Amino acid sequence: MSTFENLRQIPLFTGLNDQALQALAGRARMGEYAVEERIVSQSDDVQAFFIVLSGRVKISRSSPKGKEQILYLVEEGQPFCFCTAFTDRPYPVDVTALEPSLVAMIPARDMEDLARNAPGLMLKIVQILSGRLLEAMNLVEALALQGTQERIAGFLLHAESCFADEPGTAFSLPISHREMAKIVGTTSETLSRVIQKLKRRNLIEASGRVIRVVDHAELSDADYGE
């Protein structure tokens, strides 16, 4: 599939005419990344805009001691690196492939030129940024105010809403337990213990990555115990 055809399938570019999109495709650079391969590193001087054409990547930040906190999962068709596309500041986080991924990189200047001439595109970018700001605020609140079990339960309920065909049916987590632990701010060992506890209480069924929420009300109750 050509770069133009790949970009035409991206929701962000819906409504752009072929001429504008063809010009953008001509400036885009495609990169293929293996699992755990770094796409952008924290503090890189990157003046570009990225889009995941296939695969899945994680946006994370690590402490000086090496503890990693996953901030956001970027799915197929979604953009990232907004904060360097429209500013001259270094990139504040790391971006790493969670699975084999194809990523398009578009120079910031070309995105700026396109945005000036396509108000609808800028509105979509603002909407995406607003959504990610809300998710970031929710993450900060969860890490600061919720216990480990609450964060894990909340993540499972959110994952069900995204990946299950309907509430109460089994679904497969899109990431490993190790990566899930980094999202909810705990260790893999603690995550495993909590999953087993939720299973013993018949709140969920779990086998590897496959999860089924059995009791939504009890799982979402913040008072079900530590």
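This report walks through the sheets, helices and a few loop residues of a predicted model.

## The sheet S2-S7-S4-S5

Let's start with the strands. As a general point, the strands of a sheet pair through backbone hydrogen bonds, either parallel or antiparallel. Here, four strands build an open sheet in the order S2-S7-S4-S5, and their pairing is antiparallel. At the edges stand strand S2 (38-40) and strand S5 (68-74); each has a single partner strand, so one side of each is left without a neighbour in the sheet. From one strand to the next, the twist averages 35°.

If you would like to look at one pairing in detail, try strand S4 (residues 57-62) with S5, where six bridges hold the antiparallel pair. Val57 sits opposite Val74 in S5, and Ser60 has Ile70 of S5 as its bridge partner. The hairpin of S4 and S5 has five residues between the strands, and within this hairpin Gly66 adopts a positive phi near 95°.

## How S5 is covered

Is edge strand S5 mostly covered or mostly open? It is mostly covered, with six of its seven residues buried. Being at the edge of the sheet leaves one side of S5 without a neighbouring strand in that sheet, yet most of its residues still count as buried, at under 20% relative accessible area. Helix H7 (residues 177-184) lies across S4 and S5, and runs at about 105° to S5.

## The sheet S1-S8-S3-S6

Another open sheet of four strands follows the order S1-S8-S3-S6, again with antiparallel pairing. Its edges are strand S1 (29-33) and strand S6 (79-80), each with a single partner strand, so one side of each is left without a neighbour in the sheet.

Edge strand S1 is joined to strand S8 (residues 101-107) by five bridges, and the two run antiparallel. Within this part of the sheet, Tyr33 stands opposite Ser101 in S8. Helix H4 lies across strand S3 (48-54) and S8, running at about 70° to S8.

## Helix H4 and its two faces

H4 deserves a closer look. In this helix (residues 108-117), the buried residues are Ala108, Asp110, Met111, Leu114 and Ala115. Viewed down the axis of H4, these buried residues fall within an arc of 160°, so they line one face of the helix. Which exposed residues does the face turned away from the buried side carry? On that face of H4 you will find Arg109, Arg116 and Asn117.

## The helix partners of H4

H4 packs with helix H5 (residues 119-145) at an angle of about 115°, and their axes are 5 Å apart. That angle makes H4 roughly perpendicular to H5. On the H4 side, the contact uses Met111, Leu114, Ala115 and Asn117, while H5 brings Pro119, Leu121, Met122 and Ile125. Sorted by class, this contact has seven nonpolar residues, one polar residue and no charged residues. Among the H4 residues in this contact, Met111, Leu114 and Ala115 are buried, whereas Asn117 is exposed.

Helix H2 (residues 18-27) also packs with H4, here at an angle of about 170° and with the axes 10 Å apart. That makes H2 roughly antiparallel to H4. Ala20, Leu24 and Arg27 of H2 meet Asp110, Met111 and Leu114 of H4. By class, this contact divides into four nonpolar, no polar and two charged residues. Met111 and Leu114 of H4 take part in the contact with H5 and also in the contact with H2.

## Two loop residues with positive phi

Finally, here are two residues to find in the loops. Glu36 has a positive phi of about 70°, although it is not a glycine. Glu36 is located in the loop between S1 and S2. Why does Glu36 count as partly exposed? Its relative accessibility is 41%, and the partly exposed class lies between the buried limit of 20% and the exposed limit of 50%.

Asn202 is the other one: its phi is near 60°, a positive value in a residue other than glycine. Asn202 lies in the loop between helix H8 (188-200) and strand S10 (204-207). With a relative accessibility of 55%, Asn202 counts as exposed.

Methods. Residues are numbered from 1 along each chain as its sequence is written. This is a predicted model: local features need pLDDT of at least 70, side-chain atom pairs count only at pLDDT 80 or more; totals for chains, interfaces and linings use all residues. Side-chain values use heavy atoms; hydrogens and water are left out. Buried means under 20% relative accessible area, exposed over 50%, partly exposed in between (1.4 Å probe, protein chains only). The arc is that of the directions from the helix axis to the C-beta atoms. Two strands pair if DSSP finds at least two bridges between them. Axes are lines fitted to C-alpha atoms, for helices over the stretch in contact, and angles run from 0 to 180 degrees between N-to-C directions. Contact means heavy atoms within 4.5 Å. Angles under 35 degrees count as roughly parallel, over 145 as roughly antiparallel, 65 to 115 as roughly perpendicular and the rest as oblique. Ala, Val, Leu, Ile, Met, Phe, Trp, Tyr, Cys and Pro count as nonpolar, Asp, Glu, Lys and Arg as charged, and the others, Gly among them, as polar.
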